[in-house]
Amino acid sequence: MKAVSILALLVVMVCICITDSKDIWKPPPETTTEPPVTQHQRSDERKTRTAAIGHGDPHMMTFDAQEYDFEGYCSYVLVKDCLKKSFKIIADFRGQYAPNKPPTRMVAITITGEGIPEIRLLEDNTYSIGGQLHNNTRETVNIHRDWGFITVRGSRPTVNLTGLKLIVIWNGGTHRVRINLDNTDMHGHVCGLMGNADGNPDNDYIKPDGSIVYDVNEFGNSWAVPGSCP
Ligand SMILES: [Ca+2]
């Protein structure tokens with residue numbers, strides 16, 4: 001008798017489940033008026049990321065978030081304006097192999113551009129503008145002809161080139177550089193170890209001749225400054 005009751009109860013539950021299944025929420029048919037997201041739109045969204053970073057021995061992350069390691073021993077173009085040649089940022093990679101030590105790292109950053117005196121950011125976090133050395137001052141120093149200014153935040157010099165919407169934050173102690181490129185007109189028109197900033201991480205290994213390679217060392221070595229290798 002008890003078994004019969006349990007069986008009856010199961011039958012009722014199954015019926016309820018079948019009945020309820022009609023009420024399970026399902027997404028409505030495609031009646032939305034919003035257009036589908038296109039690949040072009042996704043690319044634009046990814047362009048909102050505008051920072052490239054290099055640090056350590058050295059670990060690199062391009063503007064489009066492509067990550068790789070490159071252990072070079074020369075000076076290399078990190079990023080430059082490939083269209084109008086308005087600016088260039090070069091990193092000096094130095095070091096030699098020793099057990100338990102990074103074989104190479106960035107020790108200085110050089111920023112040049114049209115009308116801009118050469119800016120050098122050094123390993124001890126001092127910097128020079130047009131060859132004039134500035135010790136680790138906390139004062140804001142203007143760059144010639146309103147091109148921008150340099151401030152020191154927590155011992156880290158920060159270069160703000162306002163006309164180019166370009167910010168370079170350097171920490172020689174951790175051999176770390178961060179480059180913010182907020183000028184959207186530049187996106188897709190820069191080149192160097194930090195990629196082309198077009199929103200696509202898959203095409204960042206572009207050599208100076210415009211060809212895309214898949215070998216990190218071939219890519220990195222192609223951006224060596226002539227005459228800078230030991
Ligand atoms: Ca890219």
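The exercises below, each with a worked solution, concern the strands and one loop residue of a predicted model.

**Exercise 1.** In which order do the eight strands of the open sheet stand, and which strands are at its edges?

*Solution.* Begin with a general point: strands of a sheet pair through backbone hydrogen bonds, either parallel or antiparallel. In the eight-stranded open sheet, the order is β3-β2-β1-β14-β13-β12-β11-β10, and the pairing is antiparallel. The edge strands are β3, residues 67–69, and β10, residues 141–143, each of which pairs on one side only. From one strand to the next, the twist averages 15°. To look at one pair in detail, take β2, residues 59–61, which is joined to β3 in the antiparallel sense over three bridges; here M60 stands opposite Y68 of β3.

**Exercise 2.** In the open sheet of seven strands, what is the order of the strands, and why is one side of β9 and of β15 left without a neighbour?

*Solution.* Following the sheet across, the order reads β9-β8-β7-β6-β5-β4-β15, with antiparallel pairing. The strands β9 (132–134) and β15 (190–191) stand at the edges, and because each has a single partner strand, one side of each is left without a neighbour in the sheet. Inside the order, β4 (residues 75–81) and β5 (residues 87–94) pair in the antiparallel sense over five bridges, and V79 stands opposite I89 in β5.

**Exercise 3.** How many residues lie between the strands of the hairpin formed by β6 and β7, and how many between those of the hairpin formed by β7 and β8?

*Solution.* First consider β6 (residues 105–113) and β7 (residues 116–121), which pair in the antiparallel sense over four bridges, with T110 opposite R120 in β7. Their hairpin has two residues between the strands, and G115 in the turn has a positive phi of about 80°. Next, β7 pairs with β8 (residues 127–129) in the antiparallel sense over three bridges, where the bridge partner of L121 is Y127. This hairpin has five residues between its strands, and N125 in the turn has a positive phi of about 70°.

**Exercise 4.** Where does T162 lie, and is T162 buried or exposed?

*Solution.* Locate the residue first: T162 lies in the loop between β12 (156–161) and β13 (166–171). Then apply the cut-off, by which a residue is exposed if 12 or fewer other C-beta atoms lie within 10 Å of its own. T162 has 12 C-beta neighbours inside 10 Å, and therefore counts as exposed. Finally, T162 and G148 are 14 residues apart in sequence, while their C-alpha atoms are 5.0 Å apart in space.

Key: Residues numbered from 1 in each chain as written. Predicted model: local features only at pLDDT ≥ 70, side-chain atom pairs only at ≥ 80, totals over all residues. Pairing = 2+ DSSP bridges. Axes fitted to C-alpha atoms, helices over the stretch in contact; angles between N-to-C directions. Buried ≥ 20, exposed ≤ 12 C-beta atoms within 10 Å, placed from the backbone.
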